[in-house]
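Reader: Please take a close look at one loop for me, with its backbone geometry. Then work outward from there. Keep it brisk.

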Amino acid sequence: MGTADTVASLAIDGHVAVLMLDSPPVNALSQAVREGILNGVNEAIARPEVEAVVLICDGRTFIAGADITEFGKPPRAPGLREVQDAIENAPKPVIAAIHGTALGGGLEVALCCHYRVAVPSARCGLPEVNLGLLPGAGGTQRLPRIVGAPKALEMVTSGQHVGARECLAMGLVDEIVPEGELRAGAVALARRIVAERRPLKKVRESDDKVAAARGHPEIFADFRKANARKFRGFLAPEYNIRCIEAAVNLPFDEGLKVERQLFTELMQGTQSAAQRYVFFAERQAWKIPDVPDDTPLVPVKKVGIIGAGTMGGGIAMNFAGVGLPVTLVETRQDALDRGLAVIRRNYENSARRGRMTMVDVDRRMALLSGSLDLRSLADCDLVIEAVFENMAIKKEVFARLDAIVKPGAILATNTSALDIDEIATAVKRPEAVIGMHFFSPANVMRLLEVVRAKQTSRPVIATAMQTARKIGKVAALSGVCPGFIGNRILAARTQQAQAMLMEGAMPWDIDRALYDFGLPMGPFAMSDLAGLDIGWSKEASRSSTIREVLCEMGRRGQKTGAGYYDYDEQRNAKPSPVTEQVIRDFMAKAGGTPREISTEEILERCLYPMINEGAKILEEGIAIRASDIDIVWINGYGWPVYRGGPMFYGDTVGLATIVARLRAFGPKLGRQFTISPLLEKLAAEGRRFQDLR
Ligand code: T1G
């Protein structure tokens, strides 16, 4: 932990004071950095020979925001407002020199400077919304005064990082200087400002951009309407919008008061606490205690994928997307052609939506080659198998790969549930075998569940994690067990959802409860989307489950216009009297009597067994930490980030409450159900999963 003197230094370059911050890793606005800036600015103002001040940072980035690790702790002086006022009211021009990312409080400090200069690779943004917050240091009042209300709405509700050239075009920065010449460029600008007696531009005083939106409430109404689906359940986006409205309709200082009040409300709320927890959890997930950062990596320059189906194709797109050549192997030419055609179509769709150019499409397609011969993978560094989920087939493929692929290569499987230790018995180099479990659609879903088998080597684990980061995934490490982390917890929920159908709840009751809780879709709507006939065969069907009966009736899900729900032409779902009757008949046959099941009970019956299963996964060492489980469910199963993940949610509810409810449900949870000893222990000790280190 630095002090003001160690994180900030002042050097005089001619008549320009250069105030350099150096507080790794990201020059966050810790107490020391705030004090360092304040002292530096005051000293520069006081020194008669100084005519201008350049605020610049050492290391990888300009100030990347307030120090999130200080949130929730007692505030220490100087406050950020005091620092900003000192800069904005300085009698000499203060120039912010931006490289890396000027984010949150960092951009808010830069917006108090009179001028801003950046290198081309710099990016600026106000990403507080990703922490369940809003820019609480004047950003919501100053940004729209430069970029206008519509752009400000977009930036504060998306948290996007905007490139330097676009910032220049918007007036967010005044000048761009060549890479590597930031300090010299900023000092030169400072000298020109002094020489040309340019005004001390205070963003707070400019009104024309916000005036343009005054009297146009439709700007905000349309924005809310257009993003209602995306912002569903989140508080912060709406609060950010209200602040921009205040910037348009109120005097600056009044707007600041609105911003402060709404910021404080969010900061004290559970949503921001959850999203801040997730911020650090995502960064923790990369750290594996017994795989040190300096573990040697396997260089991955060429990738092979077996199976060009939905998963294989999506996986291939990730690697072509980062410039790595990929060979896709299939058993039949038509399957290979179909797989490559789907990839091209997906890329072309992205190009049509402006997410890439047709040149990008051709460049990525050029990196993809197809083959019907496994031997074409001989010189790959990483091979990912994505064939049918059948142990015998997987082992046969791995045995052939073992004979073909060069020594030192990584042999990965995309299985979502099978025993990877068992698969590894098919090869002579089990240390090279690892699970890389992608989620469908694999080119879109952020999560990659990396599964270490008993003999997987540390370099292979480290390389799989590093590869995940390279292709833009969020990874979490799991040990081998049925369903690994994500699907194992999903099974616990599915079991209860199915059980409640036999007690009186209808699929749409359960789906509604989970949807309103914040999940994108309930289990039954999800089954209808995926198809009720996955793993179902007509020949073997014996009307033994509700799902089987629906399949036998031809109700296979959305694709057949009926499943648990009935669907209209636009595939809008509505509760089905047919399904209701099937369920009633089933219950009657089992001698059950329907009862009213409240939304609260549905949620507890679905969520608490998930948390309990998470505790079992922890006590078995399948997951390293509880927050990894949360990262899996947020990035792979749509758990709402503002609820922090199942384990964080468990802590929010209170583990003692969860244990008490599980005990109260007793036999309803099923004969096999047991409460995790770890969960009982933590509950008894009044502790949380977050207290586990
Ligand atoms: N505070 C404290 N630590 C931070 C931090 C921050 N703002 N940002 C990053 N770190 C740590 C991070 O935990 C990690 O630590 C290391 O830095 C590297 O981060 C008043 C209230 C800047 C784009 O939301 O988006 O300002 O794991 O792995 O991929 O309005 O970090 O190594 O121990 O992410 O190169 C607003 C958050 C704050 C930006 C770099 N700012 N940071 O990405 O590295 S709220 C943000 C990022 C605010 C004001 C409000 C990214 C990055 P460790 P990293 P990276």
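Author: First, a term. Helices and strands here are DSSP runs, numbered from the N terminus: a helix is H or I over at least four residues, a strand is E over at least two. Keep in mind that this is a predicted model.

Now the loop. N27 sits between β2 (16-21) and α2 (31-46). Its phi is near 50 degrees, a positive value in a residue other than glycine. Most residues other than glycine have a negative phi, and most peptide bonds are trans. Is N27 buried or exposed? It has a relative accessible area of 2%. The cut-off for buried is under 20%, so N27 counts as buried.

The loop between β2 and α2 also holds P25. A cis peptide bond joins P24 to P25, with omega at about 5 degrees. So look at two things in this loop: the cis bond at P25 and the positive phi at N27.

β2 leads into the sheet. Six strands form an open sheet, in the order β1-β2-β3-β4-β6-β9, with mixed pairing. β1 (8-13) and β9 (175-176) are the edge strands, each pairing on one side only. At the β9 end, strand β6 (residues 115-118) pairs with β9 in the parallel sense, over two bridges. One contact to find there is V117, whose bridge partner in β9 is E175. Strands of a sheet pair through backbone hydrogen bonds, either parallel or antiparallel.

Two other loops repeat these backbone features. A second cis bond runs from S440 to P441, with omega near -5 degrees. P441 is in the loop between β15 (433-438) and β16 (447-452). A positive phi turns up at F484, about 50 degrees, although F484 is not a glycine. F484 belongs to the loop between β17 (474-478) and α20 (486-501). Its relative accessibility is 0%, so F484 counts as buried.

Glycines with positive phi follow two helices. One is G518, just after α21, at about 130 degrees. The buried residues of helix α21 (residues 507-517) are P507, W508, I510, D511, A513, L514 and F517. The other is G159, which follows α6 and has a phi near 75 degrees.

Helix α6 (residues 149-158) deserves a stop. Seven of its 10 residues are buried, so the rest of the structure largely encloses it. Those buried are A149, K151, A152, L153, M155, V156 and T157. Which elements cover them? They include two strands, β7 (123-125) and β8 (162-163). Helices α5 (139-147), α7 (164-170), α10 (218-227) and α11 (236-249) are also among the cover. An α-helix has 3.6 residues a turn, so residues three or four places apart point the same way.

Next, the ligand. There are 26 residues around it, and A66, E108, E128, R283 and K287 come nearest. Three polar pairs are worth checking on screen. A polar side-chain atom of E128 lies 2.8 Å from an oxygen atom of the ligand. For R60, a polar side-chain atom is 2.9 Å from a ligand oxygen atom. G136 uses a polar backbone atom instead, at 2.9 Å from an oxygen atom of the ligand. Alone, the ligand exposes 1,000 Å², and the protein buries 76% of that. The elements that give two or more residues to the shell are β5 (101-103), α4 (105-110) and α13 (270-284). α13 makes the largest contribution, three residues.

Last, a parallel stretch further along the chain. Strand β10 (residues 303-306) and β13 run parallel, joined by four bridges. β13 and strand β14 (residues 410-413) also run parallel, again with four bridges. E385 is the residue to click on in β13. It is the bridge partner of I306, and it stands opposite T413 in β14. Strand β13 (residues 382-385) is covered on both faces: L382 and I384 are buried on one side, V383 and E385 on the other. From β13 the path goes over helix α17 (residues 391-404) to β14, and the three make a right-handed β-α-β unit.

Conventions: Residues are numbered from 1 along each chain as its sequence is written. This is a predicted model: local features need pLDDT of at least 70, side-chain atom pairs count only at pLDDT 80 or more; totals for chains, interfaces and linings use all residues. Side-chain values use heavy atoms; hydrogens and water are left out. Buried means under 20% relative accessible area, exposed over 50%, partly exposed in between (1.4 Å probe, protein chains only). Two strands pair if DSSP finds at least two bridges between them. A crossover is right-handed if, with the strands pointing away from the viewer, the path from the first strand over the helix to the second runs clockwise. Contact means heavy atoms within 4.5 Å. A residue is near a molecule or strand if one of its heavy atoms lies within 4 Å of it. A polar contact is a pair of N or O atoms within 3.5 Å; within protein, one must be able to donate a hydrogen and the other to accept it, and residues adjacent in sequence count only if both atoms are side-chain atoms. Accessible areas come from the Shrake-Rupley method with a 1.4 Å probe; for residues, only the protein chains shown count as cover.
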